[in-house]
Structures are given as C-alpha cells and as structure tokens.
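Please open the model in a viewer and keep the sequence panel visible. The tour below proceeds from one selection to the next.

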Amino acid sequence: MGDGVAVVALPFETVFEGSDGRYYTDWQVRHRLRTGEWTFCMQQRTPHRRLVETDDDALLLLVPIDPEKLPTGREIRVTGRCSRVVDTRRVPSDYTSH
C-alpha cells in the first residue's frame with residue numbers, strides 16, 4: 001500500500017499581491033469577477049499577471065506570490081470552500097477608542 005502520507009487539497013491555488021497593497025486568494029478574485037465587483041481586463045502569462053477594473057473604475061494589477069511570502073499580520077482563512085486573506089493587524093471599528 002501507500003506510505004501513509006495524506007494529501008490535503010487546499011481551497012486555493014494562488015495568492016495574489018494587488019497593486020493596492022492588499023492580498024487576495026484566487027477564490028477572492030474569482031468571486032469578485034463573478035459578482036461583478038471587478039471586471040477582467042487582461043492577463044499576461046510570462047510573468048503571470050492579471051489586470052482587473054474595480055467597481056470604482058480603478059485598475060488593479062494582481063501578481064501571484066508564494067503564500068509563505070505573505071507579510072506579517074496577513075493570514076489565509078478558510079471556511080468551507082471559501083478562502084480569503086485577512087489582515088489581522090486591523091482593529092475592528094467597534095474597538096477604536098473615542
């Protein structure tokens with residue numbers, strides 16, 4: 001039989017660094033394109049990059065990065081088949097001092 005190694009499929013294949021300074025999983029990118037929040041403009045294969053237009057008419061360049069290269073304070077959270085990059089450094093508005 002096998003060597004006892006289990007292979008687990010992750011719910012994302014690629015993590016992108018956006019020209020807006022944010023990070024996105026391929027699930028987030030597909031979701032925003034599918035819902036109309038973003039519009040696909042073009043894709044370059046070498047080097048691999050994507051250009052999308054956001055709902056506020058801005059252009060956003062997406063460049064794939066190794067998930068292990070996410071900056072400190074960013075993590076990938078998975079819920080079911082959904083995956084997203086979360087900035088854990090941000091303080092929710094409920095916790096801001098007045």
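In this tour, a contact, or touch, means heavy atoms within 4.5 Å. The model is predicted: local features need pLDDT of at least 70, side-chain atom pairs count only at pLDDT 80 or more, and totals for chains, interfaces and linings use all residues. Residues are numbered from 1 along each chain as its sequence is written, and side-chain values use heavy atoms, with hydrogens and water left out.

**The whole chain**

Begin with a cartoon view. The secondary structure comprises one helix and seven strands, where helices (H or I, at least four residues) and strands (E, at least two) are DSSP runs numbered from the N terminus. Along the sequence, the pattern reads β-β-α-β-β-β-β-β. Of the 98 residues, 27% count as buried; buried means under 20% relative accessible area, exposed over 50%, and partly exposed in between, with a 1.4 Å probe and protein chains only. Among contacts between residues at least 6 apart in sequence, 38% join residues at least 24 apart. A surface view shows about 7,400 Å² exposed, of which carbon and sulfur atoms supply 50%; these areas come from the Shrake-Rupley method with a 1.4 Å probe, and for residues only the protein chains shown count as cover.

**Strands S1 and S2**

Select strand S1 (15-18) and strand S2 (23-25). The two pair in the antiparallel sense over three bridges; strands are said to pair if DSSP finds at least two bridges between them. Glu17 stands opposite Tyr23 in S2. The hairpin has four residues between its strands, and Gly21 takes a positive phi near 85° there. Arg22 also belongs to the loop between S1 and S2 and is partly exposed, at a relative accessible area of 38%.

Add strand S5 (59-65) to the selection. S1 and S5 run antiparallel and are joined by four bridges, with Pro64 of S5 as the bridge partner of Phe16.

**From Arg22 to Arg74**

Draw a line between the C-alpha atoms of Arg22 and Arg74. These residues are 52 apart in sequence and 9.5 Å apart in space. Arg74 is in strand S6 (residues 74-79). Is Arg74 buried or exposed? Arg74 counts as buried, at 19% relative accessibility. Leaving aside residues up to four places away in sequence, Arg74 touches Gly21, Tyr23, Val85, Val86, Asp87, Thr88 and Arg89.

**The nonpolar cores**

Show the side chains of Phe16, Tyr24, Val29, Trp38, Val52, Leu60 and Leu62, the seven residues of the largest nonpolar core. Such a core is a set of buried Ala, Val, Leu, Ile, Met, Phe, Trp, Tyr and Cys residues joined through side-chain atoms within 4.5 Å. Apart from this core lies another, of five residues, among them Val15, Tyr23, Ile65 and Val85.

Centre the view on Tyr24, which is buried at a relative accessible area of 2%. Beyond residues up to four places away in sequence, its contacts include Thr14, Arg32 and Val85. Trp38 is likewise buried, at 5% relative accessibility.

How many aromatic pairs does a search of the whole structure find? The search finds one. Rings of Phe, Tyr and Trp (its six-membered ring) pair if their centres lie within 6.5 Å; planes under 30 degrees apart count as stacked, over 60 as edge-to-face and the rest as tilted. The rings of Tyr24 and Trp38 have centres 5.1 Å apart and planes at 80°, so this pair is edge-to-face. The pair links distant parts of the chain, with Tyr24 in strand S2 and Trp38 in strand S3, 14 residues apart.

**Strands S3 and S4, and the loop beyond**

Select strand S3 (38-45) and strand S4 (48-54). Seven bridges join these antiparallel strands, and Met42 has Leu51 in S4 as its bridge partner. S3 and S4 form a hairpin with two residues between them. Pro47 lies in that loop, and the peptide bond from Thr46 to Pro47 is cis, with omega near -5°.

Move to Thr54 in strand S4, which counts as buried at 13% relative accessibility. Glu37, Trp38 and Leu60 are touched by Thr54, residues up to four places away in sequence not being counted. The side chain of Thr54 also makes a polar contact with that of Asp56 (2.2 Å). A polar contact is a pair of N or O atoms within 3.5 Å; within protein, one must be able to donate a hydrogen and the other to accept it, and residues adjacent in sequence count only if both atoms are side-chain atoms.

Finish at Asp57, in the loop between S4 and S5. Asp57 is exposed, at a relative accessible area of 63%, and has a positive phi of about 65° although it is not a glycine. Most residues other than glycine have a negative phi, and most peptide bonds are trans.
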